[in-house]
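Please open the model in your viewer and keep the selection tool at hand. The tour begins at the contact of two chains and ends in a sheet.

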Amino acid sequence: MGERAMTPELEPQERLSAEIAELHAAYDAARAAGAPAETRPRLDFGPYRSSLLRHPTKDPVHADPETIELFSPVFGERDISPLEADLTIQRRGEPIGERIVVRGRVIDGDGRPVRRQLVEVWQANAGGRYIHKRDQHPAPLDPNFTGVGRTLTDDDGWYEFVTIKPGPYPWRNHYNAWRPAHIHFSLFGSEFTQRIVTQMYFPGDPLFPLDPIYQSIVDPAARARLVAEYDHGITRHEWATGYRWDIVLSGTRRTVFEHDLAEEHDDEH
Amino acid sequence: MSTEHVPTPGQTVGPFFGFGLPFARGNELVEPGTPGAVRLHGRVVDGAGEGIPDALIELWHAAPDGTIPDATGHLLRDGTFAGFGRAETDRTGGFWFRTLEPGPTEPGAAPFIAVAVFARGLLDRLFTRAYLPGEAAETDPFLARLDPERRDTLVAVREDDGSLRFDIRLQGEGETVFLEFDA
């Protein structure tokens with residue numbers, strides 16, 4: 001108790017929220033004056049205090065991807081077990097919490113499915129606790145939930161996980177800072193330049209406006225792309241609620257080979 | 001009728017990726033004692049020069065003969081050279097990989113290792129390249145475009161023991177050159 005009660009040195013939410021509002025207002029003004037939309041988080045986003053010393057100050061150098069960068073590592077059926085896509089069966093008993101199915105499609109910027117590529121997820125349990133030695137949040141650990149899953153997309157780019165809805169959890173960015181519930185996703189495309197790690201959020205979370213990590217994406221439409229949609233078609237009778245979350249990677253510079261085209265043609269049937 | 005699909009934004013890997021992304025011997029692309037094996041090592045440091053203990057580095061590179069690995073088994077570490085590695089940093093921001101030195105993928109091209117950097121406090125991944133030191137790096141057209149001072153941040157240093165050192169500085173003096181590719 002003591003430590004949590006005695007943290008007067010931490011900044012108040014009001015200060016953080018004011019900084020976020022100011023950065024968003026400046027973006028809105030720039031947009032109104034004709035600036036292009038920003039589709040990525042700002043690396044230099046002051047309200048996320050941990051970013052202060054961890055963002056490059058120089059512009060990235062434009063590079064044409066060279067050979068190796070135009071390919072991605074190849075993961076196959078032998079790398080992972082199909083059971084790894086179900087995070088509710090990894091231990092002896094049923095994990096505690098709301099069982100959910102998360103399903104979506106991974107495509108590239110040209111709308112092509114990302115086929116047979118690795119999708120990795122990790123998350124807190126229903127109580128907002130990670131199985132990690134540095135997670136000191138005094139919420140219960142669930143002996144039946146590790147919070148880690150892997151799968152491969154299918155031939156049309158679909159992935160699916162069965163898991164438990166994660167809880168929100170406190171962190172030390174400022175006083176009374178809580179992360180909205182989220183699932184971390186790690187993805188590869190057909191080339192290494194498409195590599196991405198991101199977070200999926202749940203619709204209607206009251207913590208959204210308060211969270212500097214989510215708000216580091218200053219464009220509201222871009223931010224909304226991280227929020228899954230409740231989908232009753234994915235929800236399973238007397239088993240699990242369902243969420244749909246599609247992921248778009250950047251475009252690819254790879255030459256489209258004839259067999260890719262043939263496969264795409266097949267998709268239309 | 002081409003529809004434009006806007007990419008999903010990235011987010012920080014957060015502090016607790018340590019139980020989600022690292023996998024057994026992810027930093028060992030080859031077995032100990034493999035002929036030609038080299039130790040690639042370095043530190044990830046922040047703008048104050050402090051090591052970052054919660055960063056993750058990924059490598060992806062060609063085989064010594066310049067070919068692009070296309071075997072599966074990247075997560076298995078079963079003796080297949082797959083060209084992909086993943087390591088989390090230690091308490092001091094240090095990381096190391098055991099791998100093979102890539103060859104040029106095209107005649108005359110400077111061999112390099114593609115590197116992706118993730119960290120708590122870093123809101124999106126960064127890409128960079130670790131070029132092998134040597135003659136090809138001296139003449140590479142991409143490296144030649146950079147200021148000599150910044151250019152050095154992309155070239156690994158050959159240590160006395162034969163290992164390659166590649167430090168990654170996210171901010172400040174000696175800030176690593178990070179790359180941007182067209183979407």
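Select first the residues where the two chains meet: the contact (heavy atoms within 4.5 Å) takes 80 residues from chain A and 74 residues from chain B. This is a predicted model, in which local features need pLDDT of at least 70, side-chain atom pairs count only at pLDDT 80 or more, and totals for chains, interfaces and linings use all residues. Residues are numbered from 1 along each chain as its sequence is written, chains are lettered from A and ligands numbered from 1 in the order in which they are written, and side-chain values use heavy atoms, with hydrogens and water left out.

About 6,800 Å² is buried between chain B and chain A, 59% of it from carbon and sulfur atoms; buried area is the accessible area (1.4 Å probe) that two parts lose on being put together, summed over both. On the chain B side, display B:Q11, B:F16 and B:F19, which lose the most area to chain A, together 12% of what that side buries.

Next, select B:D124 and A:R40, a salt bridge with its closest N and O atoms 2.9 Å apart. Seven salt bridges are found across this interface, each a side-chain nitrogen of Lys or Arg within 4 Å of a carboxyl oxygen of Asp or Glu.

Finally, move to chain A, where four strands (DSSP E runs of at least two residues, numbered from the N terminus) form an open antiparallel sheet in the order β4-β3-β8-β9. Strands pair if DSSP finds at least two bridges between them. β4 (148-152) and β9 (196-201) of chain A stand at the edges with a single partner strand each, so one side of each lacks a neighbour in the sheet. Within the sheet, β8 (residues 182-187) of chain A pairs with β9(A) over six bridges; A:I183 stands opposite A:M200 in β9(A).
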